[in-house]
Amino acid sequence: MRRAVCPGSFDPVTNGHLDIIGRASRLFDEVIVGVLINQSKSGLFTVEERIDMLREVTASYGNVRVESFRGLLVDFCRAQQASVLIKGLRAVSDFDYELQMAQMNIGLAGVETLFMPTNPLYSFLSSSLVKDVAKWGGDISAHVPDPVREALQSRLGPRP
């Protein structure tokens with residue numbers, strides 16, 4: 001079985017994330033979306049909330065499942081019996097960072113990294129940017145799925 005991991009914090013998941021997950025689901029028998037538990041950062045949404053949102057918005061993909069992990073990504077890959085990581089790249093600056101990570105991951109555990117260029121529609125999109133726009137009452141409906149938009153509006157509330 002060809003199995004891949006698509007890791008991230010997904011705080012919150014955006015349409016850019018979903019584009020990468022959906023494209024990966026067509027290439028692999030199973031895609032595991034790995035939600036990083038990073039105790040040194042406090043997110044807008046809890047890990048459980050992020051997992052619930054991801055499960056809801058990926059439910060139409062029969063071969064995608066969502067799990068959380070802490071520690072080394074390669075250890076999570078081993079536990080999931082996945083030998084490939086999927087990473088979306090928005091810009092050259094993403095590549096510089098991700099290349100170092102990919103080289104470390106193959107050195108540590110033989111885990112390959114597949115880089116997917118983002119759809120140009122989402123090349124500027126990040127979870128941080130979406131949260132900032134939502135915080136000030138901007139329209140984020142083109143950038144996140146409806147359940148995520150609703151959760152952001154509920155969490156951040158209306159702003160003057």
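Does glutamine 81 count as buried or exposed, and at what relative accessibility? I begin with this residue, and the model in which we examine it is a predicted one. At 64% relative accessibility, glutamine 81 counts as exposed. Glutamine 81 lies in the loop between H3 and S4. Its phi is positive, near 55°, and the residue is not a glycine. As background, most residues other than glycine have a negative phi.

Let me step back from glutamine 81 to the helix that precedes it, H3. The buried residues there are Leu73, Val74, Phe76, Cys77 and Gln80. They lie on the same side of H3, because the arc they cover around the axis is only 155°. Among the elements that cover these buried residues are S1, S2, S3, S4 and H4.

Glutamine 80 deserves a word of its own. This residue belongs to helix H3. Its relative accessible area is 15%, and it is therefore buried, the limit being under 20%. Apart from neighbours within four places in sequence, glutamine 80 is in contact with Arg3, Ile32 and Arg65. Glutamine 80 is thus buried, whereas glutamine 81 is exposed.

I turn now to the other helices. In H2, the buried residues are Val47, Arg50, Ile51, Met53, Leu54 and Val57. Viewed down the axis of H2, they fall within an arc of 165°, so they line one face of the helix. Glu48 and Glu56, on the other side of H2, are exposed. The partners against which the buried residues of H2 pack are H1, S2, S3 and H6.

Helix H5 can be described in a similar manner. Ser127, Val130 and Ala134 are buried in H5. Their arc around the axis is only 60°, which places them on the same side of H5. These buried residues pack against H1 and H6. Just after H5 comes glycine 137, with a positive phi of about 80°.

What, then, of the nonpolar cores? In soluble globular proteins, nonpolar side chains tend to be buried together. In this model, the largest nonpolar core has 32 residues, and Ile21, Leu54, Ile86 and Leu152 have the most contacts inside it. At least two residues of this core come from each of S1, H1, strand S2 (30-36), H2, strand S3 (64-69), S4, H5 and helix H6 (146-156). H2 gives the most, with five residues. Leucine 152, not counting residues up to four places away in sequence, touches Pro12, Leu44, Phe45, Val130, Lys131, Ala134, Ile140 and Gly157. There is also a second, separate core of ten residues, including Val5, Phe76, Cys77 and Ala82.

Pro12, which leucine 152 touches, leads us to the loop between S1 and H1, where proline 12 is placed. The peptide bond from aspartate 11 to proline 12 is cis, with omega near 0°. For comparison, most peptide bonds are trans. Phenylalanine 10 lies in this loop between S1 and H1 as well. Its phi is near 50°, a positive value in a residue other than glycine. At 2% relative accessibility, phenylalanine 10 counts as buried.

My next topic is the largest pocket. How much space lies within it? The answer is about 1300 Å³. Its lining consists of 42 residues, and those nearest its centre are Pro7, Gly8, Ser9, His17 and Glu98. By class, 19 of the lining residues are nonpolar, 15 are polar and eight are charged. The elements that each supply at least two lining residues are strand S1 (3-8), helix H1 (15-27), helix H2 (47-57), helix H3 (73-80), strand S4 (84-89), helix H4 (92-109) and helix H5 (127-135). H4 contributes the largest share of this lining, seven residues.

I close with one residue of helix H4, phenylalanine 95. With a relative accessible area of 32%, phenylalanine 95 is partly exposed. Leaving out residues up to four places away in sequence, phenylalanine 95 touches Leu89 and Phe115. Between the C-alpha atoms of phenylalanine 95 and methionine 1, which are 94 residues apart along the chain, the separation is 28 Å.

Technical notes: Residues numbered from 1 in each chain as written. Predicted model: local features only at pLDDT ≥ 70, side-chain atom pairs only at ≥ 80, totals over all residues. Heavy atoms only, no water. 1 Å grid on protein atoms, 1.4 Å probe; cavity = no way out; pocket = protein on both sides within 12 Å on 5 of 7 lines; lining within 4 Å. Points joined across faces, edges and corners; volume = space filled by probe spheres on them. Helix = DSSP H or I, 4+ residues; strand = E, 2+ residues; numbered from the N terminus. Nonpolar A, V, L, I, M, F, W, Y, C, P; charged D, E, K, R; others polar. Core = buried A, V, L, I, M, F, W, Y, C linked by side-chain atoms within 4.5 Å. Buried < 20%, exposed > 50% of the residue type's maximum accessible area, 1.4 Å probe, protein only. Contact = heavy atoms within 4.5 Å. Arc of directions from axis to C-beta.
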